[in-house]
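Here is a short tour of a model for you to follow along with in your viewer. Please load the structure and keep the sequence at hand.

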Amino acid sequence: MTSNKINLLDFDRKAFEAFFTERGEKAFRATQMLKWIHQLYVDDFDAMTNLSKSLRQQLLEQTEIRLPEIVADQQSQDGTRKWLLRLDSGNCIETVFIPESGRGTLCVSSQVGCTLNCSFCSTAQQGFNRNLTTGEIIAQLLVANRALGRDPKGERVITNVVMMGMGEPLLNYDNVLPALNLMMDDFGYGLSWRRVTVSTAGVVPMMDKLHQAMNVSLAVSLHATNDALRDELVPINRKYPIKELMEACRRFVGDDTRKRVTIEYVMLDGVNDSLEDARALMKVLRGVPNKINLIPFNPFPNSPYRSSPQERINAFRDVLMSAGYNTVTRKTRGDDIDAACGQLAGKVMDRTRRSLRNIAVVNGGA
Ligand code: SAH
C-alpha cells in the first residue's frame, strides 16, 4: 500500500534544509539526517539521539524512510551481485554490483522499463511503466552498500556508480538530479564527480541542463557512426542525430581539461563492427575529448543480434588504439545471473503495451 507520509529518501541536502527551516529547526539538521540515513543506515527515528524528542515525534508522524523490498539477491561466479527490488505497486527493478580490482561499481536503474526502444536492449522489450522516485534511485545505493559493508580499512566497497541500469536517466531528470546530489554529498555517499557517471542514449537538451546543474561524468551510448544505422539501433537518434549529439558532448566537456565523455559502442556482429566503422568512429569523435568503451553484445531471449567475435573486437580496438584513442573492451560480467549490460529485465508492468505487441509478433511467427 502506498502511504501518504513523506519519504525522507526523496530528500537531498537542499530538500532537508527546506524541510527543517520550515519547521523552525536549524539547517544543520540536514547533515545529521543524511548521516543517519545514508551512512549509518538507521531507519528508526527513536535511535536518532541527536534530535530532540519532539522533532523525532514530528518525523514519526509526518515522514518515513521507505525502502523497496529485496525479493532476490543473486551472486555470480565472478563476484557480480544483483538485487531485484520490489517497488510499490509490484513493479521490480534491478541493481548490479560489479567488483573489480581496486574498485567496486554499482549499476543503478533510473526507470521501471524504458521508453527508448533500442533494438539491442532487453529492457526495451519490457516496455515502460514509470519513472523511479529519487528515493527509489538512492535506495539502490543504500541497499547495496548496507549488504556489502565496508572493507578492512573502513571504506565503502562501492567506489563508483554508473547510471547504466534500466531506463534513460535524462528522461527522469527531476528525480535523478537529487539522487546524484546524494551520491556526491559528503554526508551521503561521498563520491567524487569522477566516480559518478550518467549514461544517456543522447537526450541532447537534457545533457546541457545537466551540465549547467552540476559536475558529473557523462557516458553516451553511440553504437553507430551514421544516422541511418543509429536511427535503427537507438531510435531517439531521429530526434537528436549524431552531429547534434557530438556538439552536445563538446559543450558538456567545455574547456575543462579533466573531462572526457565515455563513448559506449556495442559490438554487433556484421552490423557496426568493420574496420571501416572504426575509422568512421574516429571521424565522428573529432573534437570530442573521449574514452571509448567497446561492449560485446549480451544476448537475451529473442534478441535479433549476435556479438562480434573476439578477434573482430580486438581488431576494431587496435585501429582505435593505434590512432591514439583510449579504448577498453568492457568485460562481460555476471551473465550467468542475467546481470550483464542490456540484460536487466526486472518486472515491468508495461503501460505502453509494447511487450504485448512483441509477444504477438513472436507467437505469430512461430
Ligand atoms: N539509457 C541509458 C542507460 C542504460 S543502458 C543509455 O542508453 O546509455 C547502459 C548501456 O548498456 C548502454 O550503452 C546500452 O546501449 C548498453 N546495452 C544495452 N543493451 C545491451 C546489450 N544487449 N548488450 C550490450 N550492451 C547493451
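## The sheet

In this predicted model, 10 strands form an open sheet with mixed pairing, in the order S3-S4-S5-S6-S9-S10-S11-S12-S13-S14. Its edges are strand S3 (69–75) and strand S14 (327–329), each of which pairs on one side only. On average, and with direction ignored, neighbouring strands of this sheet are turned by 20° against each other.

As a general reminder, strands of a sheet pair through backbone hydrogen bonds, either parallel or antiparallel. The next two sections show one pair of each kind.

## An antiparallel pair at the edge

Let's begin with S3, whose partner is strand S4 (residues 81–86): the two pair in the antiparallel sense over 6 bridges. One bridge to look for links Gln75 with Arg81 in S4.

Which residue takes a positive phi in the hairpin of S3 and S4? That is Gly79, with a phi near 95°, in a hairpin that has 5 residues between the strands.

## A parallel pair

Further along the sheet order, strand S11 (residues 217–221) and strand S12 (residues 261–267) run parallel and are joined by 3 bridges. Here, Ser221 stands opposite Glu264 in S12.

## Two helices that cross

Now turn to helix H10 (residues 275–284) and helix H11 (residues 310–322), whose axes come within 9 Å and cross at roughly 35°. This crossing of H10 and H11 is right-handed.

On the H10 side, the contact is made by Leu275, Asp277, Ala278, Arg279, Leu281 and Met282, while H11 contributes Ala315, Phe316, Val319 and Leu320. The residues of this contact comprise 8 nonpolar, 2 charged and no polar ones.

Technical notes. Residues are numbered from 1 along each chain as its sequence is written. This is a predicted model: local features need pLDDT of at least 70, side-chain atom pairs count only at pLDDT 80 or more; totals for chains, interfaces and linings use all residues. Side-chain values use heavy atoms; hydrogens and water are left out. Two strands pair if DSSP finds at least two bridges between them. Helices (H or I, at least four residues) and strands (E, at least two) are DSSP runs, numbered from the N terminus. Axes are lines fitted to C-alpha atoms, for helices over the stretch in contact, and angles run from 0 to 180 degrees between N-to-C directions. A crossing is left-handed if the near helix is turned anticlockwise from the far one by less than a right angle, and right-handed if clockwise. Contact means heavy atoms within 4.5 Å. Ala, Val, Leu, Ile, Met, Phe, Trp, Tyr, Cys and Pro count as nonpolar, Asp, Glu, Lys and Arg as charged, and the others, Gly among them, as polar.
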